[in-house]
Amino acid sequence: MIVLSRYLYTFFRSSTSFRLRIALRYKGLDYESHFVSLPRMEHQDAAYRVLNPQGLLPLLVDGGRSYIQSMSIIEYLDEAYPEPPLIPKEINARAYVRAVSQIIGCEMHPLNNVRVLKHLRIQFAADDDAVQAWYAHWIAVGFSGLEDYLSSVGRHATYCCGEQITMADVCLVPQVFNAQRFGCSIDQYKILKGIFERCMELDAFQSAQPKLQADAF
Ligand SMILES: N[C@@H](CCC(=O)N[C@@H](CS)C(=O)NCC(=O)O)C(=O)O
């Protein structure tokens with residue numbers, strides 16, 4: 001009998017959950033999914049907040065301990081289960097991968113998160129067009145800065161960091177899915193688009209995509 005001691009609290013459209021689905025699959029780590037619906041506000045339920053007081057997705061339970069914040073969790077996974085690595089060994093490559101990941105995770109995603117878009121509507125009476133303009137603006141600022149950064153550093157090749165899949169790719173792909181869902185094309189970002197397409201040829205990325213999750217609708 002296989003006893004699973006790893007649980008991922010996830011929602012199919014959550015891009016931060018998507019990062020962890022990719023990372024877990026890439027590392028060959030089995031897990032059981034606990035589905036938490038964002039539209040039904042299940043992330044704010046008292047029972048969930050006991051597990052994650054911040055009331056956000058994702059949450060990983062591994063070996064009886066709870067972990068929050070997707071990039072911190074990816075770093076935890078990389079330390080606990082080093083092969084295959086998601087953070088390079090070489091110090092400058094490590095800094096670069098973290099920088100790319102943080103452009104997405106700290107500067108793009110937070111501005112376009114569900115609660116931010118909701119707040120624009122409720123607190124500032126933003127209509128659909130205004131919310132869409134807000135979303136598209138920060139996607140354009142984020143992706144154009146990221147494209148320029150990759151171009152100027154010159155470390156990218158098949159993936160963000162040469163030939164190795166890293167946390168940078170794990171953060172990039174879900175952000176592209178999110179942008180496309182909001183009708184934002186990535187065609188003008190040639191480097192990012194190429195990396196996105198090559199990542200999507202891999203099982204870890206394919207199988208983790210939103211529409212293939214059991215809670216997708
Ligand atoms: N920095 C956090 C962000 C977590 C986060 O905001 N997750 C989203 C889903 S992608 C969420 O739970 N949103 C709920 C809300 O905004 O109310 C991480 O990387 O884990």
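In this tour, Ala, Val, Leu, Ile, Met, Phe, Trp, Tyr, Cys and Pro count as nonpolar, Asp, Glu, Lys and Arg as charged, and the others, Gly among them, as polar. The model is predicted: local features need pLDDT of at least 70 and side-chain atom pairs count only at pLDDT 80 or more, while totals for chains, interfaces and linings use all residues. Residues are numbered from 1 along each chain as its sequence is written.

Begin with the ligand and select the residues near it (C-beta atom, placed from the backbone, within 6 Å). The ligand is surrounded by 14 residues, the closest being Ser14, Leu56, Ser70, Val114 and Arg115. Two or more residues of this shell come from each of helix 1 (15–26), helix 3 (70–80) and helix 5 (114–124); helices are DSSP runs of H or I with at least four residues, numbered from the N terminus. Coloured by class, the shell shows five nonpolar, eight polar and one charged residues.

Next, colour the protein chain by domain: domain 1 (9–84) and domain 2 (91–205), with bounds from an automatic or database domain assignment. Both domains give residues to the shell around the ligand, so the ligand lies between them. Their centres, taken over C-alpha atoms, are separated by 20 Å.

Finally, select the residues in contact across the two domains (C-beta atoms, placed from the backbone, within 7 Å). Here eleven residues of domain 1 meet 15 residues of domain 2. On the side of domain 1 that touches domain 2, helix 1 and helix 3 each supply at least two residues, and helix 1 has the largest share, with eight. By class, that side of domain 1 comprises seven nonpolar, two polar and two charged residues.
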